Amino acid sequence: MSATATSRTEPAALRIKTFVFIVLMIALGSAGDVLLSAGMKQVGEVDHGSLGALADAFWRTFTSGTVWLGIASLILFFVCYMLVLSWADLSFVLPASATSYAIVPLLGYALLGEFVSPMRWAGVALICLGVALVGLTPPSTTGARTPLPQTGGDD
Amino acid sequence: MRTLLFLGIVVLAGTGGEIAVTHAMKQIGEVTSFTPRAILHVIGRAFRLGWMWFGFGLMAVAFFSLLALLSWENVSFVIPATALSYAAGAVGAKFFLGERINPLRWAGVLLVCAGVALVFVG
């Protein structure tokens, strides 16, 4: 494995590795968002009026199974996010992960036959185009750092 | 007013958190082994860094503000407004992390911002 200007992994391998982790982030992040949104709607509007009401909302949030499933998905999402950021640019990973916002309406249309408004289609197209443009740029531009020895799985 | 305040917290704390976490992970260096043990080792090492805790704290603030916001506003309003985070993240990555963002990447980031806003407004 030869060193490059930006990473110790070959550029093609780095791109594939980045792509795989971004796909994982999109899947786990989308699942987490949907589960959390459903869970919080079950909890209802958070009343900031009194400490008691806030504590009650807190209790209802953290005893909801749906919220916990969402949190588990988001923890795994965060692990993938941490790993990919160990080599890739934030300005590469962040917009690429927005693909999830294009995938949800596409899946809704293709699998569930949901109506997608022209404006929403335009948004999906802009996201895909934007992610494609970002994808044409190198995943890492910040220069090589000597990685600390990773003894955890190699020994 | 309450909504604007929470939106500001979501965007600024979220972006600050992402920048701090990226800075911490760049200190760890490129992860090359993906066995569960190696990943746990990397996570353990990352959480011994102050920047990781700082980033994690800011992200937690952004996350709970988003949860609160979603309890009284619709996703179709919240997500387009927080799409600004993509632009804020790129600006922060350039100035705080020294990432070299060429015109192609800027164009991509701006299209993504506009696209995310349109998907949720549409």
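**Reading two chains and their contact**

Author: Let's begin with chain B of this predicted model: chain B holds 6 helices and 0 strands. Read from the N terminus, its elements run α-α-α-α-α-α.

Reader: What does the C-alpha trace of chain B span along its principal axes?

Author: The C-alpha trace of chain B spans about 45 × 35 × 25 Å along those axes.

Reader: And how many of the residues of chain B count as buried?

Author: Burial here is a matter of counting neighbours: a residue is buried if 20 or more other C-beta atoms lie within 10 Å of its own. In chain B, 47% of the 122 residues count as buried. Contacts in sequence tell another part of the story. Of the contacts in chain B between residues at least 6 apart in sequence, 80% join residues at least 24 apart.

Reader: Now the contact between the chains. How many residues does it take from each chain?

Author: Chain A gives 49 residues and chain B gives 51 residues. On the side of chain A that touches chain B, the elements giving two or more residues are helix 1 (11-43), helix 3, helix 4 (90-97), helix 5 (99-112) and helix 6 (118-135). Helix 6 of chain A provides the largest share of that side, 12 residues. By class, the residues on that side of chain A divide into 27 nonpolar, 16 polar and 6 charged.

Reader: Helix 6 of chain A sounds worth a visit. Which of its residues are buried?

Author: They are A:Arg120, A:Gly123, A:Val124, A:Leu126, A:Ile127, A:Gly130, A:Val131, A:Leu133 and A:Val134. These buried residues pack against helix 4 and helix 5 of chain A, together with helix 6 (103-121) of chain B. As for its length, helix 6 of chain A has 18 residues and reaches 25 Å from first C-alpha to last, close to the 26 Å expected at 1.5 Å a residue.

Reader: How should I read the crossing of helix 3 of chain A and helix 2 of chain B?

Author: Look at the distance and the angle between the axes. The axes of helix 3 (residues 65-85) of chain A and helix 2 (residues 36-46) of chain B come within 11 Å and cross at roughly 80 degrees. Angles of 65 to 115 degrees count as roughly perpendicular, so helix 3 of chain A is roughly perpendicular to helix 2 of chain B.

Reader: Which residues meet there?

Author: From helix 3 of chain A, A:Val79, A:Met82 and A:Leu83 meet B:Ile39, B:Val42, B:Ile43 and B:Ala46 in helix 2 of chain B. By class, this contact has 7 nonpolar, no polar and no charged residues.

How values were computed. Residues are numbered from 1 along each chain as its sequence is written. Chains are lettered from A and ligands numbered from 1 in the order in which they are written. This is a predicted model: local features need pLDDT of at least 70, side-chain atom pairs count only at pLDDT 80 or more; totals for chains, interfaces and linings use all residues. Helices (H or I, at least four residues) and strands (E, at least two) are DSSP runs, numbered from the N terminus. A residue is buried if 20 or more other C-beta atoms lie within 10 Å of its own, exposed if 12 or fewer, and partly exposed in between; C-beta atoms are placed from the backbone. Two residues are in contact if their C-beta atoms, placed from the backbone, lie within 7 Å. Axes are lines fitted to C-alpha atoms, for helices over the stretch in contact, and angles run from 0 to 180 degrees between N-to-C directions. Angles under 35 degrees count as roughly parallel, over 145 as roughly antiparallel, 65 to 115 as roughly perpendicular and the rest as oblique. Ala, Val, Leu, Ile, Met, Phe, Trp, Tyr, Cys and Pro count as nonpolar, Asp, Glu, Lys and Arg as charged, and the others, Gly among them, as polar. The expected span of a helix is 1.5 Å times one less than its number of residues.
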